[in-house]
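This report walks a new reader through some local features of one protein chain. Please look at the sequence and the structure first, and then read on.

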Amino acid sequence: QVQLVESGGGLVQAGGSLSLSCAASGRTFSNYHMGWFRQAPGKEREFVAAVSKSGGSTGYADSVKGRFTISRDNAKNTVYLQMNSLKPEDTAVYYCAADGPKFSSGSVYARTANAYDYWGQGTQVTVSS
């Protein structure tokens, strides 16, 4: 089992920034690809960003590319999402998720929610116009 706890959400004006963190415990963090997803009211959960287990590869949804940055610190068992130039349409509950364990060096991160095995409880991000 992997336990994930997000933090850092809140209310920010459009154009502002927020930094989310997700602390993991329970298993070897560096064996898991990590992802961030979000879900707005009345909408399906959507992919935001992902990072490979080593941190060497990242991917983003087109809607956040150039504004959001995902990173991880395997020594601290934590994954981050730096969100800049926030827009009202970024308002959602943000979830971090873990996919693994992955023992192959050739495995790649996934962009679909059903590939992820463990989820945090979510943190609310609200961007006012």
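## The surroundings of His33

The model shown here is a predicted one. A useful place to begin is His33, which, when its neighbours within four places in sequence are left aside, is in contact with Val51, Ser52, Lys53, Arg72, Ala97, Ala98, Asp99, Lys102, Ser107, Val108, Tyr109 and Tyr116. His33 belongs to strand 4, the run of residues 33–39, and with a relative accessible area of 1% this histidine is buried. Among its contacts, Val108 can be described in finer detail, since the side chain of His33 reaches the backbone oxygen of Val108 at 3.5 Å.

Arg72, another residue in contact with His33, also has an aromatic partner: the charged end of Arg72 sits over the ring of Phe29, at 4.3 Å from the centre of that ring.

## A disulfide between two strands

How many disulfides are there? The count comes to one, and it joins Cys22 to Cys96 with a distance of 1.9 Å from S to S. The two cysteines are 74 residues apart and the pair links distant parts of the chain, with Cys22 in strand 3 (residues 18–25) and Cys96 in strand 9 (residues 92–99).

Are these cysteines buried or exposed? Cys22 has a relative accessible area of 0% and is therefore buried, and Cys96 is likewise buried because its relative accessible area is 0%, which falls under the cut-off of 20%.

## Strand 11 and its partners

Strand 11, made of residues 123–128, has side chains that alternate between two faces: Thr123, Val125 and Val127 point to one face and are buried, whereas Gln124, Thr126 and Ser128 point to the other and are not buried.

Strand 11 pairs with strand 2 and with strand 9, and the sense of the pairing can be stated for each. Strand 2 and strand 11 run parallel and are joined by four bridges, and within this pairing Gln13 has Ser128 of strand 11 as its bridge partner. Strand 9, by contrast, pairs with strand 11 in the antiparallel sense over three bridges, and here Tyr94 has Thr123 as its bridge partner in strand 11.

## Aromatic residues

Across the whole structure, six aromatic pairs are found. One of them is formed by Phe37 and Phe47, which meet edge-to-face at 5.7 Å centre to centre, with 75 degrees between the planes. This pair links distant parts of the chain, as Phe37 is in strand 4 and Phe47 is in strand 5 (residues 46–51), ten residues apart, and both of these phenylalanines are buried. Phe37 also forms an edge-to-face pair with Tyr116, at 5.2 Å centre to centre and again with 75 degrees between the planes. Because Phe37 lies in strand 4 and Tyr116 in the loop between strand 9 and strand 10 (118–119), this second pair ties together parts that are 79 residues apart in sequence. Phe37 and Tyr116 are both buried.

These residues belong to one aromatic cluster, formed by Phe37, Phe47, Tyr95, Tyr116 and Trp119. A charged group is found beside one member of that cluster, for the charged end of Arg45 sits over the ring of Trp119, 4.7 Å from its centre.

## Ser17, Ser85 and the loops

Ser17 lies in the loop between strand 2 (10–13) and strand 3, and at 39% relative accessibility this serine counts as partly exposed. Beyond its neighbours within four places in sequence, Ser17 is in contact with Val12, Gln82, Met83, Asn84, Ser85 and Leu86. With Asn84 the side chain of Ser17 makes a polar contact of 2.9 Å, while the C-alpha atoms of Ser17 and Ser85 are separated by 6.2 Å although the two residues are 68 apart along the chain.

Ser85 itself is in the loop between strand 8 and strand 9, is partly exposed at 40% relative accessibility, and has a phi near 50 degrees. Asn77, in the loop between strand 7 (68–73) and strand 8 (78–83), also has a positive phi, of about 55 degrees, and is partly exposed at 27% relative accessibility. Most residues other than glycine have a negative phi, and most peptide bonds are trans. The peptide bond from Gly100 to Pro101, however, is cis, with omega near 10 degrees, and Pro101 is placed in the loop between strand 9 and strand 10.

Notes. Residues are numbered from 1 along each chain as its sequence is written. This is a predicted model: local features need pLDDT of at least 70, side-chain atom pairs count only at pLDDT 80 or more; totals for chains, interfaces and linings use all residues. Side-chain values use heavy atoms; hydrogens and water are left out. A disulfide is a pair of cysteine sulfur atoms within 2.5 Å. Buried means under 20% relative accessible area, exposed over 50%, partly exposed in between (1.4 Å probe, protein chains only). A polar contact is a pair of N or O atoms within 3.5 Å; within protein, one must be able to donate a hydrogen and the other to accept it, and residues adjacent in sequence count only if both atoms are side-chain atoms. Contact means heavy atoms within 4.5 Å. Two strands pair if DSSP finds at least two bridges between them. Rings of Phe, Tyr and Trp (its six-membered ring) pair if their centres lie within 6.5 Å; planes under 30 degrees apart count as stacked, over 60 as edge-to-face and the rest as tilted. A charge sits over a ring if NZ of Lys or CZ of Arg is within 6 Å of the ring centre and within 35 degrees of the ring normal.
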